[in-house]
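Ready to practise reading a protein structure? Take a pencil, look at the picture, and try each exercise before you read its solution.

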Amino acid sequence: MKKLFLFDLDGTLLNTGGAGSRALGRAFSDLYGIENSLNGIVLDGRTDPWIIREVFRRHGKQEKNDFQQLVEKYLLLLAQEVQSSLNFHVLPGIKQILKGLSEQADALIGLATGNIEQGAWIKLKRASLNPFFRLGGYGSDAEDRTKLIRIAVRRGEEMLKQSLGKEDVYVIGDTPRDIRSGNEAQTTTVAVATGRYSIEELCS
């Protein structure tokens with residue numbers, strides 16, 4: 001039986017050195033003159049669409065008309081910020097873990113990330129991790145993290161041509177929302193304390 005491993009991206013696989021937040025902040029500033037747009041918003045485990053809509057809500061913007069324009073600007077700036085980020089780095093042991101999994105005949109590696117899909121690949125390419133990943137569930141698939149995990153599982157099932165139960169799918173993440181959403185999606189969850197949360201906080 002094949003196993004599906006779904007990794008969160010930011011804080012689990014890599015750290016962009018703040019590139020994502022800088023790009024999003026610049027996009028809001030350039031397009032709408034909104035400064036410090038992310039202040040007061042807890043980003044941990046949130047999807048990009050949720051964050052964007054929350055900023056629109058707080059500043060009274062008509063998101064229906066502005067959302068796609070903001071996303072396009074953000075992705076353009078993200079490519080610049082990721083490429084120039086001095087503190088961008090892959091987290092310790094990740095390349096070895098992914099290489100080991102990729103050599104297992106029964107393992108399929110994917111993403112379960114709140115990033116918009118194109119943004120996820122921008123980050124993975126800078127990290128030279130993109131060859132390891134064959135599918136994913138992204139923030140651009142669903143604003144709700146549980147739903148995007150389910151989408152990733154369905155894509156894995158289609159690729160493998162088999163049904164996957166809880167014991168066949170592993171969701172790996174570094175925030176409580178990653179773990180809670182993985183549990184809600186009926187997967188096996190693996191908490192990694194690579195971010196600002198302890199194992200106790202992740203598993204509570």
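The exercises below go from the whole chain to single residues, and the model they use is a predicted one.

**Exercise 1. Describe the overall build of the protein: how many helices and strands are there, and how does its radius of gyration fit the globule rule?**

Step 1. Start with the secondary structure: you should find eight helices and seven strands.

Step 2. Now turn to size. The radius of gyration is 17 Å, and the globule rule gives 17 Å for 204 residues, so the protein is as compact as a globular protein of that length. Along the principal axes, the C-alpha atoms fill a box of roughly 50 × 35 × 30 Å.

Step 3. Look at the inside: 49% of the 204 residues count as buried. Of the contacts with a separation of 6 or more, 69% join residues 24 or more positions apart.

Step 4. Finish with the outside and the charges. The accessible surface is about 10000 Å², and carbon and sulfur atoms hold 47% of that area. There are 27 positive and 26 negative side chains, with the centres of the two sets 2 Å apart.

**Exercise 2. Check the length of helix α6 (residues 145–160), then find which elements help to cover its buried residues.**

Step 1. Helix α6 has 16 residues, and at 1.5 Å a residue they should span 22 Å. The expected span is 1.5 Å times one less than the number of residues.

Step 2. Compare with the model: the end C-alpha atoms of α6 are 23 Å apart, which agrees.

Step 3. List buried residues of α6: among them are L148, I149, I151, A152 and V153. As a reminder, an α-helix has 3.6 residues a turn, so residues three or four places apart point the same way.

Step 4. Look for the cover, which includes strands β1, β4 (107–112), β5 (135–137) and β6 (169–173), as well as helix α7 (176–184).

**Exercise 3. Is L9 buried or exposed, and which residues does it contact beyond its sequence neighbours?**

Step 1. Locate L9 in the loop between β1 (3–7) and β2 (14–15).

Step 2. Apply the cut-off: buried means under 20% relative accessible area. L9 has 0%, so it is buried.

Step 3. Leave aside neighbours within four places in sequence, and L9 is in contact with L14, T113, N115, A120, K123 and L124.

Step 4. Follow the chain further: D174 is 165 residues from L9, yet their C-alpha atoms are separated by 9.2 Å.

**Exercise 4. What is the sign of phi at N36 and at K161, and are these residues buried or exposed?**

Step 1. Recall the usual case: most residues other than glycine have a negative phi.

Step 2. Read the angles. Phi is near 50° for N36 and near 60° for K161, so both are positive values in residues other than glycine.

Step 3. Place them: N36 lies in the loop between α1 (19–32) and α2 (48–58), and K161 in the loop between α6 and β6.

Step 4. Exposed means over 50%. N36, at 58%, is exposed, and K161, at 73%, is exposed too.

**Exercise 5. Classify D66 and A191 by their relative accessibility.**

Step 1. D66 sits in helix α3 (residues 63–84). Its 13% relative accessibility makes D66 buried, and its contacts include Y32, F56 and K61.

Step 2. A191 belongs to strand β7 (residues 188–191). With 22%, A191 counts as partly exposed.

Step 3. A191 touches residues including G173, I179 and C203. The C-alpha atoms of A191 and C203 are 7.2 Å apart.

Key
Residues are numbered from 1 along each chain as its sequence is written. This is a predicted model: local features need pLDDT of at least 70, side-chain atom pairs count only at pLDDT 80 or more; totals for chains, interfaces and linings use all residues. Side-chain values use heavy atoms; hydrogens and water are left out. Helices (H or I, at least four residues) and strands (E, at least two) are DSSP runs, numbered from the N terminus. Buried means under 20% relative accessible area, exposed over 50%, partly exposed in between (1.4 Å probe, protein chains only). Contact means heavy atoms within 4.5 Å. The radius of gyration is taken over C-alpha atoms; the globule rule is 2.2 Å times the number of residues to the power 0.38. Accessible areas come from the Shrake-Rupley method with a 1.4 Å probe; for residues, only the protein chains shown count as cover. Lys and Arg count as positive and Asp and Glu as negative; His and the chain ends are not counted. The place of a charge is taken as NZ of Lys, CZ of Arg, CG of Asp or CD of Glu.
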